Amino acid sequence: VLVSAGDMLGGSPYYWLIPEGEAPELTIMKQIGYDAITIGNHEFDSGPEMLAHYFRTAGYPGANATTALISSNLRIPEGHPLADCGIMDTHVVVLDNGLRLGFFGLLGMGAAHLATKKTPIEISDPVAAAAAAVQALRAQEVDIVIGLTHAGLEEDSAIAGAVPGIDILVTGHCHTTLTMPLQVGNTLLVQTGSNLRNLGMLELAYQPATGTMRIRNEANDRPFLLPIDDSIEIDSHVARTIDGYTEQLNRLIDRLTGGIVKSIGDTILHSEYVLSAVPPLKESILGNFVTDAMRLMVEEKTGEKVDIAIQGNGLLRGNVVPGQSPHAKNKINFYDLLSAIGLGNGFDGNPGYPLASIYLTGSEIYRVLEYSTLLSQMYGNIFFLQLSGARYSFDPAR
């Protein structure tokens with residue numbers, strides 16, 4: 001059984017094809033054979049109306065017959081387009097041996113807080129939703145209850161501790177790579193990291209007579225994580241599908257850049273070092289690169305001096321690594337750069353978050369930096385601000 005804990009959207013420039021009437025990610029996941037998926041916060045990056053359009057493009061609600069779309073704590077207003085996509089509170093899969101697997105899905109409160117475009121969709125309490133889902137699934141006489149949760153290990157641990165009857169939580173959102181399952185009470189928590197770097201494999205044995213479950217990975221010498229890299233031969237059918245989407249994406253990029261970039265594989269930068277987005281809560285090379293570029297380009301476009309450029313770490317999605325092989329030595333292509341900074345879309349529907357040019361007083365700048373310091377300590381690295389054109393210090397004791 002193959003499942004996903006959410007955030008299938010927003011990770012690469014292929015996401016840009018959604019307004020063009022395509023659903024690349026979910027179409028490919030269906031081809032691969034995913035049995036069940038849940039909804040993460042990034043699914044709402046373009047708003048719930050566009051998400052509904054995406055699901056319909058991917059064949060829902062009919063596609064639930066093969067790849068179940070499950071979310072137990074979304075509250076969708078009657079008449080909203082998302083209400084017609086067949087999102088299920090729970091789902092039961094019956095294996096060939098008769099074992100009944102019951103699934104539910106959750107969007108965590110922390111993740112929901114980051115889904116700023118989800119209105120008018122509301123997110124109900126995950127603990128209460130999980131308890132109701134477990135009760136509904138047990139009433140259907142399932143043997144194993146599995147939660148697909150886009151919440152993060154802290155929230156998931158609290159859910160596992162508060163709601164009896166959950167056997168497995170397949171978790172997401174916090175991008176933690178668990179090399180072996182965590183156990184909270186009688187619940188196993190598993191997570192593979194992020195960006196499809198690993199395939200998680202949990203091999204289990206279930207004893208119907210006693211209702212007990214045990215892990216078999218170690219006994220059978222099977223790892224919990226299988227690295228996904230270029231040592232694995234790509235499936236030819238999936239490759240053809242990807243090639244088709246790539247052709248469409250190249251045409252879109254050609255149009256958006258006025259012919260400057262023809263292909264996602266075009267080299268646009270040379271660097272002898274990694275444009276690193278780490279360490280967290282600190283100035284970074286990628287942060288400097290992006291904010292310096294913002295200052296330079298806005299000055300060029302507006303003809304006005306730009307004193308400071310500001311970018312939150314939440315939109316810097318990873319390191320940009322130059323090529324290492326002889327033919328690509330020190331080269332960075334369009335796809336690599338955009339995979340790190342390509343989230344969002346503008347008010348005109350084009351890819352990328354819009355730049356906002358604003359006037360601030362010295363006092364207002366002071367307050368912005370004060371809020372940034374506070375929020376990044378409360379909510380983590382995504383709220384840390386990268387700056388170009390300013391320097392500041394703060395006293396952690398105050």
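The following paragraphs describe the sheet, the charged pairs, the aromatic pairs and two cysteines of a predicted model.

Because the model is predicted, local features were accepted only at pLDDT of at least 70 and side-chain atom pairs only at pLDDT 80 or more, whereas totals for chains, interfaces and linings use all residues. Residues are numbered from 1 along each chain as its sequence is written, and side-chain values rest on heavy atoms, with hydrogens and water left out.

An open sheet of mixed pairing is formed by 6 strands in the order β5-β6-β8-β9-β11-β10, where helices (H or I, at least four residues) and strands (E, at least two) are DSSP runs numbered from the N terminus, and two strands pair if DSSP finds at least two bridges between them. The edges are occupied by β5 (90-94) and β10 (182-184), each of which pairs on one side only. Neighbouring strands of this sheet are turned against each other by 25° on average, direction ignored; axes are lines fitted to C-alpha atoms, for helices over the stretch in contact, and angles run from 0 to 180 degrees between N-to-C directions. Within the sheet, strands β6 (residues 100-107) and β8 (residues 144-150) run parallel and are joined by 7 bridges, and Gly-102 stands opposite Val-145 in β8. Helix α4 (residues 126-139) packs on the sheet and touches β5, β6 and β8, its direction making about 165° with that of β6, contact being defined as heavy atoms within 4.5 Å. Helix α5 (residues 153-162) lies across β6, β8, β9 (168-171), β10 and β11 (187-190), and runs at about 165° to β11.

Side chains of opposite charge can pair when their charged atoms come close. The count comes to 7 salt bridges, each being a side-chain nitrogen of Lys or Arg within 4 Å of a carboxyl oxygen of Asp or Glu. One of them joins Glu-203 to Arg-216, with an N to O distance of 3.2 Å; Glu-203 lies in the loop between β12 (198-200) and β13 (204-207), and Arg-216, 13 residues apart from it, in the loop between β14 (212-215) and β15 (225-227). Glu-203 also meets Arg-222 in a salt bridge of 2.7 Å, N to O, and since Arg-222 belongs to the loop between β14 and β15, this pair ties together parts that are 19 residues apart in sequence. Glu-203 is buried at a relative accessible area of 15%, whereas Arg-222 is partly exposed at 40% (buried means under 20%, exposed over 50% and partly exposed in between, with a 1.4 Å probe and protein chains only). Salt bridges with shared partners thus join Glu-203, Arg-216 and Arg-222 into one network. Another salt bridge links Asp-254 to Lys-262, with the closest N and O atoms 3.4 Å apart.

The structure holds 5 aromatic pairs, for which rings of Phe, Tyr and Trp (its six-membered ring) must have centres within 6.5 Å, planes under 30 degrees apart counting as stacked, over 60 as edge-to-face and the rest as tilted. The rings of Trp-16 and Phe-334 have centres 6.5 Å apart and planes at 80°, so this pair is edge-to-face. Trp-16 lies in the loop between β1 (3-4) and α1 (24-32) and Phe-334 in helix α8 (residues 334-341), so parts 318 residues apart in sequence are tied together. Trp-16 is buried at 9% relative accessibility, and Phe-334 is likewise buried at 9%. Tyr-379 and Phe-383 form a tilted pair, 5.6 Å centre to centre with 45° between the planes.

The disulfide count comes to 0, a disulfide being a pair of cysteine sulfur atoms within 2.5 Å. Cys-85 is buried, with a relative accessible area of 0%, while Cys-174 is partly exposed at 31%.
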